[in-house]
Amino acid sequence: MRTASLGLVALILAVNVLSVRAWIHPGILHKLSDMDRMSSYISAGLAGTSSPQYQDYLLFAADKFSSDVYQMSTPVATLTSRASFEADATAAYQNALPSSSSTVSQMWKLTGIQLHATKAIEIMDAWSGTLKSVDPNYLDMQLASSLGPSIMTNAAEIIRYTSAGWTASGISRFSSMLNNVFYPRLNNHTGVQYEANVGTGNTKALMAFGVFTENTTMYNEAISLYSNERCSGLALDISPTGQSSESGRDQGHAQLGLGNLAESCQIAWIQGTNDLFALLSNRLLMGYEYTAKYNLGNTVSYDATFQRCDANLLGGPFTVISPTGRGVFRPIYELAYAHYVSIKGLSMPFSLQIINRVGTEEGNTSPADGSGWGTLKFRL
Ligand SMILES: *[C@@H]1O[C@H](CO)[C@@H](O)[C@H](O)[C@H]1NC(C)=O
Ligand SMILES: *[C@@H]1O[C@H](CO)[C@@H](O)[C@H](O)[C@H]1NC(C)=O
């Protein structure tokens, strides 16, 4: 009798342990040890030992979005366009990053780490205090609810968990913005919503929101959308040969989608819940290599039956692979390469050629399209 009830107690404890997973914070694209690694490259660089990571840091530090005197836009109650929020989100993120470590470089100490944190907080508080909605009639309502918000949530995560001085009410208002302004727009899988690169962007945003708000339901929903979404699940985005469902549209959108997928994989990897990188026999690696190979000027096979949903609305179905944007390398390669090659020991020869040609990965032209600066942030 006594043994039996003890057994029951043990069982209940075990169930609780399984259902209450420990969240890793900061833990969206970067955990603390990642930021310490960046800091050590920066410190070594300042002490005279340069590295590609340090060279990339110099460009990052000089970028206008990293400035602690960045002039933010005037927030609006209803978003009907993307540019101003996305620029501000990028500035919040790039100001949050250097404020993240107490061992960060002398240069940041001289310029004042707190000034950067304060700038990031100013941007996040201003938007979360004003923004009420994303116009549901705005054609790009999902992109507006995913790309900028995902970058800004990375800023929020870093600032929140590094004692940068963000108030509890600021944190709570930011969480409400994710739940009440952006989530409702992303939670739409009808008509032309949630397709191809838009869908993969939505999924990475939901995963980031789930981590920041510690919402297991939202996080798990995003994990399952990564594989199974009706118009952006992995197998619909990348064919077994590595072709993207947007290879026939243009190379910019094909690369945007790859970067979105890689960021989702990184979040789940950092949280330690799922190895999304490995899904479908490293399908994402195949995707990177196919697109890298074509963009380097090589010939690739093309299957005209593999198309994104509603390709007809964008001038498709596309009978041949698109040369539009060919050779314009987006800053997406370092993240995937660091994982598949440096961590897993796999091979990505075409992505490596791009990485070597680029040297130091910078930010995106449309700044919130991805996190960028991968040489500093992801190269191990
Ligand atoms: C989903 O998006 C469509 C437009 O494609 C829109 O008509 C509909 O109202 C949206 N649904 C919700 C619940 O927001
Ligand atoms: C968690 O996310 C789900 C959507 O996945 C949402 O319905 C729910 O309200 C969220 N919970 C909290 C406490 O915000």
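**Exercise 1.** Which residue follows helix 9, and what is the sign of its phi? Then characterise helix 9 by its length and burial.

*Solution.* The model is a predicted one. Step 1: the residue is Glu 214, with a positive phi near 50 degrees. Step 2: helix 9 covers residues 196–212, a run of 17 residues. From the first C-alpha to the last, helix 9 reaches 25 Å, close to the 24 Å expected at 1.5 Å a residue. Step 3: as for burial, helix 9 is mostly covered, with 17 of its 17 residues buried.

**Exercise 2.** Determine why the span of helix 6 agrees with expectation, and list its buried residues.

*Solution.* Step 1: helix 6 (residues 113–130) has 18 residues, so at 1.5 Å a residue a span of 26 Å should result. Step 2: the end C-alpha atoms of helix 6 are 27 Å apart, which agrees. Step 3: the buried residues of helix 6 are Ile 113, His 116, Ala 117, Lys 119, Ala 120, Ile 121, Ile 123, Met 124, Trp 127 and Ser 128.

**Exercise 3.** Describe the shells around ligand 1 and ligand 2.

*Solution.* Step 1: Pro 136, Asn 188, Thr 190, Gly 191, Val 192 and Gln 193 surround ligand 1. Step 2: by class, the shell around ligand 1 holds two nonpolar, four polar and no charged residues. Step 3: ligand 2 has Asn 179, Asn 215, Thr 217, Met 218 and Glu 221 around it. Step 4: the shell around ligand 2 divides into one nonpolar, three polar and one charged residue. Step 5: helix 10 (residues 216–228) gives the most to the shell around ligand 2, contributing three residues.

Methods
Residues are numbered from 1 along each chain as its sequence is written. Chains are lettered from A and ligands numbered from 1 in the order in which they are written. This is a predicted model: local features need pLDDT of at least 70, side-chain atom pairs count only at pLDDT 80 or more; totals for chains, interfaces and linings use all residues. A residue is near a molecule or strand if its C-beta atom, placed from the backbone, lies within 6 Å of it. Helices (H or I, at least four residues) and strands (E, at least two) are DSSP runs, numbered from the N terminus. Ala, Val, Leu, Ile, Met, Phe, Trp, Tyr, Cys and Pro count as nonpolar, Asp, Glu, Lys and Arg as charged, and the others, Gly among them, as polar. The expected span of a helix is 1.5 Å times one less than its number of residues. A residue is buried if 20 or more other C-beta atoms lie within 10 Å of its own, exposed if 12 or fewer, and partly exposed in between; C-beta atoms are placed from the backbone.
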